[in-house]
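Dear colleague,

I am passing on the structure we spoke about, and below it you will find my notes on what came out of it. Please read them with the model open beside you.

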Amino acid sequence: MGPQINVIGSFFPSWMLVRGDRDCGGICSDGGCLYALGLDPYVGPPALVYSSLGILVTLVLWVTLFRG
Amino acid sequence: MAENNIASDPGARRMIGRVLGIGIVAAAAIMVVVTLVQWEIRPQTDDATVRANFVGIAPQVNGHIVELHVRDNQLVKEGDLLFLIDPRPYKIALERARATFALTRKEVDGLKNSAATAVAGVSKAEAQLNASASEVTQPRDGSGCRRRRDRPLGSAVPACRRSFEAC
């Protein structure tokens, strides 16, 4: 489960908050950066790369914020 | 500048894109492994309890908690203040007990004064009794006047009046 985080009186698992934060602001900026650099067509299969990118950012945030 | 170079060279873009894509997938795989290792060697939870180090703490007095100085799972040491129970009822009880004590002490002092006054009254009464007895029983001329207490009630007094007058 991991530690519960109090958000305005409701408790959420830390991984859920990280995933929600990642979903809200991360995917657009990551995909936007690749697209802006013109690397979007060359990074490989989008389903694999963007899923891996989402997992990478989520786990980095989780380990950094809650396991540091 | 770098963006212009990348945009102007499709080969470079392709190379960088592939390296970046492979790097993303590899980094994600590494982070999954790191996370699993972290999950296994350092498990964390808010719901577990450890019986070996579980110590029940209860205050000796009851009351409402007005200050809480710890949070869940915080490491504390001996002597740390955990919470503060509302001291006002106990302060009021203390002041009331002190007032009762002061009142009782006043009452004791008053009773002591009354006892001293009563003792003095007893001494005064004894002195008056002795004085009255000496007036009655010690005629100066030794004429043998009878003591007032030996005389029956209602008996004639004038026979000894002269002797009393001489006393």
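Which pattern does chain B follow when it is read along the sequence? The pattern is α-α-β-β-α-α, from four helices and two strands. Please keep in mind throughout that this is a predicted model.

The two chains

Chain A, for its part, has two helices and two strands, and along its sequence these follow the pattern β-β-α-α. Of the 68 residues of chain A, 19% count as buried, while for the 167 residues of chain B the figure is 4%. Among contacts with a separation of 6 or more, residues 24 or more positions apart account for 51% in chain A and for 28% in chain B.

Where the chains meet

Between the two chains, 24 residues of chain B are in contact with 20 residues of chain A. On the side of chain B that touches chain A, the elements giving two or more residues are α1 (2-8) and α2 of chain B, and it is α2(B) that gives the most, with 16 residues. By character, the residues on this side of chain B divide into eleven nonpolar, six polar and seven charged.

The helix pair

The part I would look at with most care is the pair formed by helix α2 of chain A (residues 46-66) and helix α2 of chain B (residues 10-41), whose axes come within 8 Å and cross at roughly 40 degrees. Because of that angle, α2(A) counts as oblique to α2(B), and the crossing of the two helices is left-handed. From α2(A), the contact is made by L48(A), V49(A), S52(A), L53(A), I55(A), L56(A), L59(A), V60(A) and V63(A); from α2(B), the residues that make it are G21(B), I24(B), V25(B), A27(B), A28(B), M31(B), V32(B), V34(B), T35(B) and Q38(B). Taken together, the residues of this contact divide into 15 nonpolar, four polar and no charged. When you look at the spacing of such positions, it may help to recall that an α-helix has 3.6 residues a turn, so residues three or four places apart point the same way.

Each helix in turn

I also checked the length of both helices. The 32 residues of α2(B) should span 46 Å at 1.5 Å a residue, and the end C-alpha atoms of α2(B) are 46 Å apart, which agrees. For the 21 residues of α2(A) the expected span is 30 Å, and the end C-alpha atoms of α2(A) are 29 Å apart, which agrees as well.

As for burial, the buried residues in α2(B) are G17(B), G21(B), I24(B), V25(B) and A28(B), and what covers them includes α2 of chain A. In α2(A), the buried residues are V49(A), S52(A), L53(A), I55(A), L56(A), V57(A), T58(A), L59(A) and W62(A).

A loop residue in chain B

Lastly, is V61(B) buried or exposed? V61(B) has its place in the loop between α2 and β1 (65-68) of chain B, and because it has 8 C-beta neighbours inside 10 Å, V61(B) counts as exposed. In sequence V61(B) and I85(B) are 24 residues apart, whereas in space they are 8.4 Å apart, C-alpha to C-alpha.

With best wishes

Note on methods. Residues numbered from 1 in each chain as written. Chains lettered and ligands numbered in written order. Predicted model: local features only at pLDDT ≥ 70, side-chain atom pairs only at ≥ 80, totals over all residues. Axes fitted to C-alpha atoms, helices over the stretch in contact; angles between N-to-C directions. Parallel < 35°, antiparallel > 145°, perpendicular 65-115°, else oblique. Left-handed = near helix turned anticlockwise from the far one by under 90°. Contact = placed C-beta atoms within 7 Å. Nonpolar A, V, L, I, M, F, W, Y, C, P; charged D, E, K, R; others polar. Expected span 1.5 Å × (residues − 1). Buried ≥ 20, exposed ≤ 12 C-beta atoms within 10 Å, placed from the backbone.
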